[in-house]
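Biologist: I am new to this structure and would like to go through it with you step by step. Could you show it first, and then explain a term or two as we need them?

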Amino acid sequence: MAEHTAQDYKKGQPRWCPGCGDHFFLGAFHKALAEIGVEPHDTAVISGIGCSSRLPHYMATYGMNTIHGRAAAIATGCKVANPHLSVWQISGDGDGLAIGGNHFIHANRRNIDINIVLLNNRIYGLTKGQYSPTSPRGFVSKSSPYGTVEDPFRPAELCFGARGRFFARAVATDAQGCIDILKAAHAHKGTAVCEILQNCVIFNNGTHDSVYSKPERAKHAIYVEHGKPLVFGENNEFGLVQEGFGLKVVKIGENGITEKDILVHDAHCQDNTLQLKLALMEGPDFPIALGVIRDVEAPTYDEAVAEQIDQIAHKKPYHNFAELLETNDTWEIK
Amino acid sequence: MKEDVSVKHIDDVVVLFSGDSGDGMQLAGNIFSTVSATLGNSISTFPNYPADIRAPQGSLTGVSGFKVHVSADQSYTPGDQCDVLVAMNAAALKTQYKQAKPNATIIIDADAFQAKDLEKAEFKTDDPLGEMGIDHDRVIICHMTQMVKDCLADTGMDVKSMLKCRNMFALGLVCWLYSRDIQIAFNFLHEKFAKKPEIAEANIRVIQAGYDFGHNTHSSAANVYYIDAHNKQSGRYMDITGNKATAYGFIAAAEKAGLKLYLGSYPITPATDVLHELAKHKSLGVTTVQCEDEIAGCASSVGAAFAGALAVTSTSGPGICLKSEAMNLAVIMELPLVVLDVQRGGPATGLPTKSEQTDLLQVLFGRNGESPMPVLAATSPTDCFDAAYEASKMALEHMTPVVLLTDAFVANGSGAFRLPDLNEYPAIRPPYVPEELRGTWTPYQRNAEGSRYWAIPGREGFTHILGGLEKDNLTGAISTDPENHDLMTRLRQQKVDKIPVPDLHVAGDVNDADLLIVGFGGTFGHLREAMQTLRQQGYKVAHAHFKYINPLPKNTAEVLKKYPKVVVAEQNMGQLAAFLRMKVDGFVPQQFNQVKGQPFVVNELVTAFQNLLNA
């Protein structure tokens, strides 16, 4: 494997709006792929339709910018047919969770070894500003002038509900945060969901403001890392503890709390109860969790398919079409 | 033993085995057809099974039938009405009797005509034959259940297992009636139950018992028959259903092309047997993915095509609606994909187990935008093999999705299939990007046939992005340029239009027919038989049958305009007729349309065509 730089994965001039979170993510994605080092020609980047789904056009890899919602299904066929490829799916919240919701849950359930990047700006941008399945209840948009009357999906909940084995989150403007989870997603065998909190400057500006800048993240985000205590705050003065069925924010040094009382993150725990609680935390009472929240090993679909083919090939006496014909009852006419 | 039963030589017989879904009618029918085929007869079979999974035992809705047509000459269809009706219970007699010829022999198991059976079959009296007006002389009444039990009494089998052999008694009896060599059936069972010799032995004993019963009693038949065999083409044969032949065609094409076969599918009647068949053959490297829905079945196949496989997706009925979107993606990305549509009764869920030809216009035109796609329609169960092979070759060599139409009749029916030798099949050569284009190649660059080149991921130096948005003809970048879109639309159309297909073949009175019968796909056999019948009656008729529908054969207009009268006969409201009128200036055909979910009936066709000829 040759050494690569971000430049080797880069192509063309992105056409997103100035300031769009997709620009930030794309830069981080190029860098992450260079660090991962899989050859551009062994990489396939597959998207659906939407602003973020333009991303493959800016990649010097193999790829497809396909149809709305179907990227997960298309990526599945691509990976199963050619398991050698490193397959990345790029989807927005509408593409991935509304029209593509069924494919999203089944990719997770099957645990096919693809990486799903979900760029979540909680809005339909390309169609110019309708609420999405991640827009909060009451959200006012062109298609909900009086506010929505429905609850949003929380991507982690959907992923976990579909037995997802990997879920991580980063903010688009946080290059290192993105690179870290993308590398972890690549290293994880099986479906890896990376939720990228991304701002739409035109139709939903400010939706992730509480974590969009470094100073804000210091106040409102917690970087979770396997095996490390769950502490956060500008001076790591806060921590998470378990209380009853839930989590609780505590201040270290107050009420007799010491660092030893703080919950230690276990991304590899099969039981996803606490991981889900971490993933669902939101302000103002809780920090937003960033980093690899769940990363659990399980058999992958594509490997199992290949293994089964290999096993059966050893068992069955026929290996080509002519031999297949011989397995049938035949008769001779002279 | 009486000696006065004569053996009559005949050319043709149709046997309908009918009983409860669990009575093993298909196995009995299959063995009968295999035995006959081994003796050199032409065979054609058709199962008729209920839509319900397990209707109550003995009920009218639970009856399943298996029709076998054995012929001395080419048998094109499973036949209209049967010469022998085997009714394993009262419900079978009640529902299937209408399929029997007026002089047909009826074989019934008297033990399955008890009071409770008659009640389930909704007979009002204890005389079902009288109630249906069936002449007793035509009926072979045997106590099949009892005789099977007696025959197997010393085997130690439980009664339930014994009764599973009842179908073999009926088979034995029919074999006697038509002078079949039952040793061939024995060999078949020895092979089929090689791992369970006691089952094979029990079945063989019961066949022998059924045969002996016929022989010893001469039942009520005045004659036994021997079906002659003409026109034997030498070679090795197997019995194959259309769905199995389709699956085999894909396997053969993948092997010939040197590609992995990928099937993305979702279970749907009557296409599912293709998924079942391909799922078995992992030792050939076949990958089948049972997807979350029809959409994913097709979409994942598009992904597999991009990744370098021979990609196939299979469906039926409403499934083809759901696949349209991803089929269109394959059109604009110009990737090879075969879409198998086993047509069934519609609209919506319609008649899931029945046969129609009602998807033709949908597969030709049912997508947004200008979306040209080649369409082929298999003409018989065994032709499904060639059609699947040709559809795959066309898709791979011209970088296009191709629709292969079959239908429930062709898919579930079977025929004697001469084992193909792949060496005799044409090579399949996809247009891989030639090495000399390294460095200058762009994704929508075309070869002399107008096909895009195929660069498979993993190949260094040929990375590229395809997509559902219109692309610039030269650079492959997204383009909304009006001139470019117009050009790309034309290039995609021309590519499909230029695909070479064989000329339309005309059979019968080629030069002086008064009527040309035209059809497509699975109605081939019925229309051909109707033509032959009319010619025997002295009419001048010809038959031309479309297997290649898009693009149409080059001589289409010439053939259609050559005859004074043309009738387009199809199992829809006139979809092929409409397409031909659109493609052939001034062509105004007569139409014969039937949408009953059942195969055509040759006699009905003959009558209708006589009326046209005499008009």
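Modeller: Before we begin, helices, written H or I and holding at least four residues, and strands, written E and holding at least two, are DSSP runs numbered from the N terminus. Please keep in mind that this is a predicted model.

Biologist: With those labels in hand, where in chain B is the place of Glu334(B)?

Modeller: Phi of Glu334(B) is near 55 degrees, which is a positive value in a residue other than glycine. As for its place, Glu334(B) belongs to the loop of chain B between helix H13 (318-333) and E13.

Biologist: Is Glu334(B) buried or exposed?

Modeller: A residue is called buried if 20 or more other C-beta atoms lie within 10 Å of its own. Glu334(B) has 24 C-beta neighbours inside 10 Å, and it therefore counts as buried.

Biologist: And Glu122(B), is that residue buried or exposed?

Modeller: Glu122(B) is not a glycine either, yet it has a positive phi of about 60 degrees, and it lies in the loop between helix H3 (115-120) and helix H4 (128-132) of chain B. The cut-off for an exposed residue is 12 or fewer other C-beta atoms within 10 Å. Because Glu122(B) has 11 such atoms within 10 Å, it is exposed.

Biologist: Which residues are buried in helix H5 of chain B, and why do they lie on the same side?

Modeller: The buried residues of helix H5 (residues 144-151) are Met144(B), Val148(B) and Cys151(B). They share a side of H5(B) because they cover an arc of only 65 degrees around the axis. In general, an α-helix has 3.6 residues a turn, so residues three or four places apart point the same way.

Biologist: Which exposed residues does the face of H5(B) turned away from its buried side carry?

Modeller: What covers the buried residues of H5(B) includes, among other elements, strand E6 (100-109) and helix H9 (197-217) of chain B. On the face turned away from that buried side, the exposed residues are Gln146(B) and Asp150(B).

Biologist: Turning to the contact between the chains, which helix gives the most to the side of chain B that touches chain A?

Modeller: The contact takes 59 residues from chain B and 50 residues from chain A. On the side of chain B, the element that gives the most, with nine residues, is helix H12 (residues 294-306).

Biologist: Which residue of chain B stands opposite Gly63(A)?

Modeller: Strand E2 (residues 62-65) of chain A and strand E17 (residues 465-467) of chain B pair in the parallel sense over three bridges. Opposite Gly63(A), in E17(B), stands Ile465(B).

Note on methods. Residues are numbered from 1 along each chain as its sequence is written. Chains are lettered from A and ligands numbered from 1 in the order in which they are written. This is a predicted model: local features need pLDDT of at least 70, side-chain atom pairs count only at pLDDT 80 or more; totals for chains, interfaces and linings use all residues. The arc is that of the directions from the helix axis to the C-beta atoms. Two residues are in contact if their C-beta atoms, placed from the backbone, lie within 7 Å. Two strands pair if DSSP finds at least two bridges between them.
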